Structure formats: C-alpha cells, structure tokens
Amino acid sequence: MKKAGILNRQLSGALAELGHGDGLLVCDAGMPIPDGPRVVDLAFRAGVPSFAEVLDGLLAELVVEGGTAAAEVRDANPAAAELLDARLPALRLVSHEELKVLSAGARLVVRTGEARPYANVLLRCGVFF
C-alpha cells in the first residue's frame, strides 16, 4: 500500500500512464466531459473535493509544462484565477467554448466536486529530464 501521495487507485494508475505532451483536464462538477478521454470522477458532494485540493495534489505528483483555462475565470471566479496564476506561471487563457473543444483531446479527465464556475484547467504534461 502507498503511504503518501495520491491514494485513489484509479487516479494513481491513470497518472502513471501519462506521458510528455499528454493533456489532463481538471474540472469542476459542471464541466461537460467529452467522449473519449479516460475519466476519474472524484466528485462526492458539492465542493468536495475542491478544485484547489485536487489541483495541488496533481501538481505534487506530475511534471507540468503549462496549462490552459477559460478567460471567464478572471471575472466569474477570482479565487480560482488567483490559484491558477500562482500554480501555473505559463497559463494560457482561451474562451470557455474553446476550452471545451480542447478538452476533447485530453488523455485524462479528473472531475472534482467544485461548485464554483470556471474552475477548470487543461494541464500539459512535461518530462522530468
């Protein structure tokens, strides 16, 4: 049994399968999930687990080159915008509609219980060497 890091077996296994350049969508409970990518649904109740908790846990385990989020997050959810700015200096902003289109190319989707709008980011995996 693992003693640290992500303990959810489906999520831990899915993360181990990601490679350089793969996309990982971390999304709120309301984001439409496209057909295609593998989905690990962590949502339990509204707000649980939060977007921040899941994002921080993922960033502790992954090498991330950058991320893409909806520009609407700036006005609709300043707390999420601040979190994304602090965690992802190479953050690219696009329209929410474009983010939904881009998310179809993700290899993995992790759905949180976040109940605040636009708490979504498409991470691009890096390489550790």
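The legends below describe close-up views of a predicted model.

**View 1. The largest nonpolar core of the predicted model brings together residues from several helices and strands****.** This core has 28 residues, and those with the most contacts inside it are Leu 11, Leu 15, Leu 24, Leu 58, Leu 108 and Val 121. At least two residues of the core come from each of helix 1, strand 1, helix 2 (51-61), helix 4 (78-87), strand 5 and strand 6. Leu 24 can serve as a starting point for looking around, since, leaving aside residues up to four places away in sequence, Leu 24 touches Leu 15, Leu 18, Leu 58, Leu 62, Leu 108, Val 110, Val 121, Leu 122 and Leu 123. A second core, separate from this one, has nine residues, including Leu 25, Cys 27, Met 31 and Ala 106. In soluble globular proteins, nonpolar side chains tend to be buried together.

**View 2. Two phenylalanine rings form the one aromatic pair in the structure****.** The ring centres of Phe 128 and Phe 129 lie 5.2 Å apart and the ring planes meet at 85 degrees, so the pair is described as edge-to-face. Both Phe 128 and Phe 129 are exposed, and together with Val 63 and Val 127 these residues form a nonpolar patch on the surface, which has about 480 Å² of accessible area in total. Val 127 belongs to the segment after strand 6 (121-125) and is partly exposed, with a relative accessible area of 32%.

**View 3. A salt bridge between Glu 17 and Arg 38 links distant parts of the chain****.** The structure holds nine salt bridges, and in this one the side chains of Glu 17 and Arg 38 meet at 3.1 Å, from N to O. Glu 17 sits in the loop between helix 1 (9-16) and strand 1 (23-27), whereas Arg 38 is part of strand 2 (residues 38-41), and the two are 21 residues apart. Glu 17 is partly exposed at a relative accessible area of 45%, and Arg 38 also counts as partly exposed, at 36%.

**View 4. Arg 107 and Asp 22 form a salt bridge between two loops****.** The closest N and O atoms of Arg 107 and Asp 22 are 3.0 Å apart. Arg 107 lies in the loop between helix 5 (96-103) and strand 5 (108-111), while Asp 22 lies in the loop between helix 1 and strand 1, so the pair ties together parts that are 85 residues apart in sequence. Arg 107 is partly exposed, with 40% relative accessibility, but Asp 22 has a relative accessible area of 19% and is buried, because the cut-off for buried is under 20%.

**View 5. Glu 97 and Lys 100 form a salt bridge within helix 5****.** Their closest N and O atoms are 2.9 Å apart, and the two residues are three places apart in helix 5, which is about one turn of the helix. Lys 100 counts as partly exposed, at 26% relative accessibility.

**View 6. Val 48, Pro 49 and Tyr 118 have backbone features to look at with care****.** Most residues other than glycine have a negative phi, and most peptide bonds are trans. The peptide bond that joins Val 48 and Pro 49 is cis, with omega about -10 degrees, and Pro 49 is placed in the loop between strand 2 and helix 2. Tyr 118, although not a glycine, has a positive phi of about 60 degrees. Tyr 118 lies in the loop between strand 5 and strand 6 and is partly exposed, at 24% relative accessibility.

How values were computed:
Residues numbered from 1 in each chain as written. Predicted model: local features only at pLDDT ≥ 70, side-chain atom pairs only at ≥ 80, totals over all residues. Heavy atoms only, no water. Phe/Tyr/Trp six-rings, centres within 6.5 Å; stacked < 30°, edge-to-face > 60°. Buried < 20%, exposed > 50% of the residue type's maximum accessible area, 1.4 Å probe, protein only. Patch = residues over 30% accessible without salt bridge, like charges linked within 9 Å, V, L, I, M, F, W, Y side chains within 5 Å. Areas by Shrake-Rupley, 256 points an atom, 1.4 Å probe, with all protein chains shown as cover. Salt bridge = Lys/Arg side-chain N within 4 Å of Asp/Glu carboxyl O. Helix = DSSP H or I, 4+ residues; strand = E, 2+ residues; numbered from the N terminus. Core = buried A, V, L, I, M, F, W, Y, C linked by side-chain atoms within 4.5 Å. Contact = heavy atoms within 4.5 Å.
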